[in-house]
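Reader: Hey, can you walk me through this protein? I'd like to know how its inside is put together.

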Amino acid sequence: MNDHSASLLQSQFAILARVGQLLARSLDAPQTLREVLRTLEISGHLSRGLIAVARPESGDLSVHAVHGLDHDDFQAVCYRAGEGLLGRIVETGRSCAIAQVGEDPCFLNRLGLYERELPFIAVPIRLGGTLQGVLAVQPDAPDDGLLDERVRFVELIADLIAQNVRLSLDVSQEGRPRDEEREPQRHALRHRPGFGNLVGHSPVMMRVFDQVRMVAKWSTTVLIRGETGTGKELIANAIHYNSPRARGPYVRLNCASLPENLLESELFGHEKGAFTGAVSSRKGRFEMADGGTLFLDEIGDVSPAFQAKLLRVLQEGELERVGGGRTLKLDVRLLAATHRDLEAAVDGGHFREDLYYRLNVMPIVLPPLRERLEDLPKIARHLLDRLGGLQRRPLRLSAGAQRRLAQHHWPGNVRELENCLERAAVMSESGEIDAELIRIDRGRERGSKRQPGVAPTAVPGVPVAATALPGAGAAGVAVEGGDSEPAAEQGERQRVIAALERAGWVQARAARLLGMTPRQIAYRVQILNIQMKRI
């Protein structure tokens, strides 16, 4: 056994142990399967995981879970026996391994999920000798001669998850509830978003994921903080749908979207005749969330007067509808989110201190994208997989496009990245996204980091042109669009090299000179192909 095989075997043992822990501690079969697929990608480099279940009445395969795609993007995809690579497994009952999947004439890729140049592995999932479904994955690197070893490993994973696939299939085949009012809620339960849409392997994001797992088990109030576009709502979704209240209602409201007079009625409800236009009594969002979770986004934007009313509900667990005199007792878990500096708002008298402490029981802080650029490739791939599923074609980023993405400051965070990639995908005829299709407003990036008219801060020993902000050209001038990208990339490269030379080629020192973290400068050294010198 060579070193590569031994390393692969060791990592596979660790993954098997992790999967065993997931299966042992969770009673939620659908969510557990998504967590298994996520673990295979993060720890096993087996990406684009897919689980299809066999329908008892027909034997056809129905796609049940895909890591990185929402349920609505694949719910109608099915394979009959002998149809495509997955249907071949139904027909033969044997595992399928292809060194370069695009060369197989049976390759259909209906979800636009898989890379044609990479290997592909699909294995049957059996329970008691009966086919329950198929597990498919794609190694994220070309075949290195260990494809057979990976097939045996995926077969072990399939054996481990067989019971959960059976349970998940039972859930999806439940009859229509007699209580029609709870049907939307049950539908959301079956296809709820968990951790599948949370992408990242940087240490700071792994800590966030651990916090989410810990806090989800309790009814503690959570305050999710972070800049706009960092994914605060995704974190709230994961907390609710992995909590004991997952079978209860999940109600969401953006507090910044309503004026104060309507916000009170929307949250607390109103009685008939309480105000002009109140032609009937109406439940508020708090009542609708009774027994479940209420997510209030942009909580930092509510007025001080409304804050006092909200505080009473949180302290007493009871409320009165607008225009009503009856007190209602409620059992609601509150999740709140904001991008504002609440501490500064408290100091300035714009946010009640007692409400701040009531909300800030368990804070979860999401880092901006610029502080976890090592996650950017995986996030971009995740977003492109989703876009490719919608466009029903594979989408790929060229090396130049990846370098260009890494040079941007991303003031709009993941939301800005998603919009950028969607625009590039629309403009790409072949599905290959090159650097010239990545259109970035670099002027906005410059403005987000310093005030207009203020010169860049000089780094001692580093030319001013080289200390220009990421995305600036060699002369420190902001650029936008495709034709000026080589100058922008060269300016970034010169900036990093100049700082490294000044720091004696010690990355940690260079990071301090440039105002970066060591991880950020290490990532730039990699994507800019800078050869480190040994002093």
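Author: Sure, we'll start with the overall picture and then go into the cores and the aromatic rings. One thing up front: this is a predicted model.

Reader: Okay, how many helices and strands are there in the protein?

Author: There are 19 helices and 15 strands.

Reader: And how much of the protein is buried?

Author: Of its 535 residues, 52% are buried. The accessible surface adds up to about 24,600 Å², and carbon and sulfur atoms hold 49% of that.

Reader: What about contacts, what share is between residues 24 or more positions apart?

Author: If you take contacts with a separation of 6 or more, 67% of them join residues at least 24 positions apart.

Reader: Let's go inside. Which residues touch the most other members in the largest nonpolar core?

Author: That core has 30 residues, and the ones touching the most other members are Leu267, Phe286 and Leu296. Several elements supply at least two residues each, including strands β8 (250-254) and β9 (293-297) and helices α8 (260-268) and α10 (304-316). The top contributor is α10, with 5 residues.

Reader: Phe286 sounds busy. What does Phe286 touch?

Author: Leaving out residues up to four places away in sequence, Phe286 touches Leu267, Phe268, Leu294, Leu310, Val313, Leu319, Leu330 and Val332. There's also a second, separate core of 27 residues, and Leu37, Ala65, Ile157 and Ile161 are among its members.

Reader: Switching topic: how many aromatic pairs does the structure hold?

Author: It holds 5. One of them is Phe268 with Phe306, a stacked pair at 5.7 Å centre to centre with 15° between the planes.

Reader: What parts does that pair tie together?

Author: Phe268 sits in helix α8 and Phe306 in helix α10, so the pair links parts that are 38 residues apart in sequence.

Reader: Are Phe268 and Phe306 buried or exposed?

Author: Phe268 has a relative accessible area of 5%, so it is buried. Phe306 is at 1%, so it counts as buried too. Ring pairs also join Phe268, Phe286 and Phe306 into a cluster.

Reader: Nice. Why is the pair of Tyr356 and Tyr357 called edge-to-face?

Author: Because the planes of the two rings are at 65°, and over 60 counts as edge-to-face. The ring centres of Tyr356 and Tyr357 are 5.2 Å apart.

Reader: Which of these two is buried and which is exposed?

Author: Tyr356 counts as buried at 10% relative accessibility, whereas Tyr357 counts as exposed at 52%.

Note on methods. Residues are numbered from 1 along each chain as its sequence is written. This is a predicted model: local features need pLDDT of at least 70, side-chain atom pairs count only at pLDDT 80 or more; totals for chains, interfaces and linings use all residues. Side-chain values use heavy atoms; hydrogens and water are left out. Helices (H or I, at least four residues) and strands (E, at least two) are DSSP runs, numbered from the N terminus. Buried means under 20% relative accessible area, exposed over 50%, partly exposed in between (1.4 Å probe, protein chains only). Contact means heavy atoms within 4.5 Å. Accessible areas come from the Shrake-Rupley method with a 1.4 Å probe; for residues, only the protein chains shown count as cover. A nonpolar core is a set of buried Ala, Val, Leu, Ile, Met, Phe, Trp, Tyr and Cys residues joined through side-chain atoms within 4.5 Å. Rings of Phe, Tyr and Trp (its six-membered ring) pair if their centres lie within 6.5 Å; planes under 30 degrees apart count as stacked, over 60 as edge-to-face and the rest as tilted.
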